[in-house]
Amino acid sequence: MLWLADKLANIRSLAQVYSERGEEMWQTLNQSDPKMQCWYYKTIAETVELSLNKTGAFKEFIKHINFIWPGTFDSDKARYKKYKEVSIEGCRLLGCGVKGEVYRYDDELVIKVYNQNNTYRDVEKEIASSRRAFILGIPTAISFGIVSVGECYGAMFELMDSETLSHLISRSPASVESYAKIMAELARTIHGIAVEENEFPSVSQRLLGYVHGGLSHEDETLSQKCVRLIEKLPACNTLLHGDFHTNNVFLQKGEPLLIDMDRLSCGHAIAEIADLCYFYVTLGEDEPSVIENFMGFSYQTAKQFFDFFLRHYLGTDDEAKLREVREKAELLCYVRLINKVYKKGVPEKSERKKIAKHIEKIAALSEKYDSLAFWRIDFRRKTYEKIDFFWCIYSVTRHRYIRQKHTRNRKFFAPLHKKDLASYRKIHRFALAS
């Protein structure tokens with residue numbers, strides 16, 4: 001609150017001068033870029049919004065931001081917005097990731113609790129990405145409400161009678177191949193979707209970030225070699241999930257449903273395969289317990305899972321082809337491991353030994369292969385109009401169901417959205433055209 005009070009005094013002064021001098025004001029400030037100033041004050045508002053949005057100071061803060069930078073926030077953001085408060089005490093933890101943890105709230109609902117450094121805008125962005133992914137044809141769990149969980153945001157999903165694939169594998173390791181096959185088919189579905197140019201960020205940028213974040217500090221020549229390999233990947237508009245593992249996939253009545261859609265990207269499928277190799281193989285080479293704690297099953301089972309996944313995804317038992325794709329994925333994994341060490345700060349002596357081993361493997365693999373691409377598999381299929389049609393039906397029926405069900409139980413209030421009228425019209429137009 002004291003922090004907000006200090007920043008409120010600052011923006012009051014800015015708003016006063018802006019009302020008198022307009023855009024000329026920026027030339028008198030040390031930070032003369034209005035976009036950077038906007039980013040600064042907007043970030044402050046998003047940081048304190050959950051705990052202070054009911055205060056007059058917060059509402060005034062938003063009002064001044066919108067006066068200087070019109071449209072930065074919705075006009076109703078200046079009014080108090082109460083989020084439904086829920087408790088996860090006694091709820092079973094289903095999985096955890098970089099952005100938060102997922103809990104079973106009751107028999108029908110699952111709640112994703114975001115870390116404190118995630119703002120409401122981050123949550124809204126992920127929900128919007130989930131809806132876009134659903135329209136594109138990815139079987140996705142759609143959140144129907146943002147809630148407050150202590151000092152954090154949460155998103156509610158209806159996932160009745162469902163479990164994560166990680167939990168199912170931990171209960172039945174002997175069935176790991178059947179679950180790997182489900183994941184392979186799901187990956188084929190995602191990678192069969194072609195997206196428009198610039199609709200999603202390129203995965204190559206993330207891969208290059210791993211190189212520059214770690215390996216470039218150790219071996220400039222080798223890092224440049226890895227950069228060239230990544231930049232040589234064929235330009236393609238294949239959709240990628242970006243955080244594809246069994247903690248993010250629920251099985252509901254035999255059908256997989258994905259969550260965590262905030263890292264959607266496009267590019268070559270080797271990046272997604274490398275992510276899986278990282279989560280199930282290379283991350284546990286030095287410390288198997290890392291994968292065991294993350295996934296909930298043994299490292300041996302994790303390695304089996306990746307092997308079965310690769311066979312079903314590529315549709316081959318040819319060991320030479322499997323080895324080629326696996327080794328190309330491993331090269332990216334070892335680059336990522338070095339980046340992981342550097343994210344924690346200057347590497348310690350024990351970590352230096354691991355880095356040296358990773359560099360040795362990267363060097364050997366980069367000598368062996370002059371390209372990270374592998375033979376092309378065409379999974380593409382789409383009838384976007386029909387997918388959009390089914391999304392409209394989903395949108396309308398889900399809002400009706402949630403409203404009737406949860407207002408009766410006094411859990412959540414989810415009135416029919418005005419956009420449902422547009423959905424009804426689109427359904428009608430599709431029916432007439434069929």
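The exercises below work through a sheet, an aromatic pair and a charge over rings in a predicted model.

Residues are numbered from 1 along each chain as its sequence is written, and side-chain values use heavy atoms, without hydrogens and water. Local features need pLDDT of at least 70 and side-chain atom pairs pLDDT 80 or more, whereas totals for chains, interfaces and linings use all residues.

**Exercise 1.** Determine which strands stand at the edges of the sheet E7-E9-E10.

*Solution.* Begin with the order: three strands form an open, antiparallel sheet, E7-E9-E10, where strands are DSSP runs of E with at least two residues, numbered from the N terminus, and two strands pair if DSSP finds at least two bridges between them. Next, E7 (162-164) and E10 (255-258) each have a single partner strand, so both are edge strands with one side left without a neighbour in the sheet. Finally, strand E9 (residues 249-252) pairs with E10 over four bridges, and glutamine 252 stands opposite glutamate 255 in E10.

**Exercise 2.** Classify the ring pair of tyrosine 40 and tyrosine 41.

*Solution.* Rings of Phe, Tyr and Trp (its six-membered ring) pair if their centres lie within 6.5 Å, and planes under 30 degrees apart count as stacked, over 60 as edge-to-face and the rest as tilted. Here the centres are 5.0 Å apart and the planes stand at 80°, so the pair of tyrosine 40 and tyrosine 41 is edge-to-face. Both residues belong to one aromatic cluster, which also includes Trp26 and Phe61.

**Exercise 3.** Locate the charged end of arginine 336 relative to the ring of tyrosine 278.

*Solution.* A charge sits over a ring if NZ of Lys or CZ of Arg is within 6 Å of the ring centre and within 35 degrees of the ring normal. The charged end of arginine 336 sits over the tyrosine 278 ring, 4.1 Å from its centre, and also over the ring of phenylalanine 279, 5.4 Å from its centre.
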